[in-house]
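Biologist: I'd like a close look at one part of this protein, and then how that part sits in the rest of the chain. Could you walk me through it in one go?

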Amino acid sequence: MPRTKGDHEARRRDVSEAVWRVLAAHGFGGLTLRAVAAELGATTGLLTHYFPAKRDLVAYALDLLTERTASRPRRAAGDGLAALRAALLDILPLTAEATDSNRIWVSSWDTALADPALSDDHARKYEQSRVRLGELVSAAQRLGELPAGDPARIAAGAQSFVLGLVVQALFNPTAFPPRHQVELLDDYLASLASPASSGGDHPASA
């Protein structure tokens, strides 16, 4: 019998799930056609229909990670500082699902740094995140919840803080359990809201 479009879509979903399971278990370092084929219970020949080369598999895995991350439920929040806090909490590995996504994403850095096109794609994703955070910072400033300052610079600092916290929590989850991550983020946001932290346009003293 000829294959239908439904058959093709079902097979593609099976492949996607297999890729995701390999990523969750082994990261990008263990992502190979052979590993995905074994997870799928298929031959590597079948997978070359979807991924003619290893780079195609890696690019697809990154797209899959972005899609899964975007589809995760987001925290409901109002405007201003509460919305900024919610957006930053959504990045942290506070749940098993978020931890898996962050582990996979961090494992992709080495692969992306070795490939200029993938590296550029990562840079664009981080830039898009900073732009969104900058919009939230601007909203909090308009509400008087954050002091005046360059929203883009504040957003870059917030992104850098939360990504650093992600790495520490992944490497040492005992020292950085979810509750402590939230506490550290709240401390950071409190320092941003303090009038004493509004001198960001001045050079740091030596």
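Modeller: Let's start at Ser191, which has its place in helix H9, residues 178–193. Bear in mind as we go that this is a predicted model. Ser191 counts as partly exposed because its relative accessible area is 34%, and that falls between the 20% and 50% cut-offs. Now look across to Leu146: 45 residues separate Leu146 and Ser191 along the chain, yet their C-alpha atoms are 9.8 Å apart.

Leu146 is a handy stepping stone, since Leu146 is also one of the residues that Leu84 touches. Leu84 lies in helix H5. With a relative accessibility of 0%, Leu84 is buried. Setting aside residues up to four places away in sequence, Leu84 touches Leu133, Leu136, Val137, Leu146 and Leu189. For a backbone view of that spot, try Glu135: its C-alpha atom is 9.1 Å from that of Leu84, with the two positions 51 residues apart along the chain.

Leu133 turns up again in a nonpolar core of 23 residues, which also includes Leu89, Leu94 and Phe176. That core lies apart from the largest one, which has 26 residues. In the largest core, the residues with the most contacts inside it are Val19, Leu23, Phe28, Leu31 and Val36. Helix H1 (5–26), helix H2 (33–40), H4 and H6 each put in at least two residues, and H4 gives the most, with 7. Zoom in on Leu31 and, leaving out its neighbours within four places in sequence, you'll find it in contact with Val19, Val22, Leu23, Val36, Lys54, Leu57, Val58 and Ala61.

Next, the open space. The largest pocket holds about 760 Å³. It has 25 lining residues, and the ones closest to its centre are Thr69, Arg74, Ile91, Lys125 and Ser129. Helices H4 (54–71), H5 (81–89), H6 (96–113), H7 (116–142) and H8 (151–171) each give two or more residues to the lining. The largest share comes from H7, with 7 residues. By residue type, the lining splits into 12 nonpolar, 7 polar and 6 charged. H4 and H6 are worth a second glance, as they give residues to this lining and to the largest core. H5, where Leu84 sits, is on the list of lining helices as well.

While you're on H7, stop at His122, which lies in that helix. His122 counts as buried because its relative accessible area is 5%, and the cut-off is under 20%. Neighbours within four places aside, its contacts are Leu62, Trp105, Ser108, Trp109 and Ala112.

Now zoom right out. The chain has 9 helices and 0 strands, so if you colour by secondary structure, the pattern along the sequence reads α-α-α-α-α-α-α-α-α. The C-alpha trace spans about 70 × 35 × 35 Å along its principal axes. Of the 206 residues, 34% are buried. The accessible surface comes to about 11,600 Å², with 56% of it belonging to carbon and sulfur atoms. Links like the one between Leu84 and Leu133 fit into a wider count: among contacts between residues at least 6 apart in sequence, 64% join residues at least 24 apart.

Notes:
Residues numbered from 1 in each chain as written. Predicted model: local features only at pLDDT ≥ 70, side-chain atom pairs only at ≥ 80, totals over all residues. Heavy atoms only, no water. 1 Å grid on protein atoms, 1.4 Å probe; cavity = no way out; pocket = protein on both sides within 12 Å on 5 of 7 lines; lining within 4 Å. Points joined across faces, edges and corners; volume = space filled by probe spheres on them. Helix = DSSP H or I, 4+ residues; strand = E, 2+ residues; numbered from the N terminus. Nonpolar A, V, L, I, M, F, W, Y, C, P; charged D, E, K, R; others polar. Core = buried A, V, L, I, M, F, W, Y, C linked by side-chain atoms within 4.5 Å. Buried < 20%, exposed > 50% of the residue type's maximum accessible area, 1.4 Å probe, protein only. Contact = heavy atoms within 4.5 Å. Areas by Shrake-Rupley, 256 points an atom, 1.4 Å probe, with all protein chains shown as cover.
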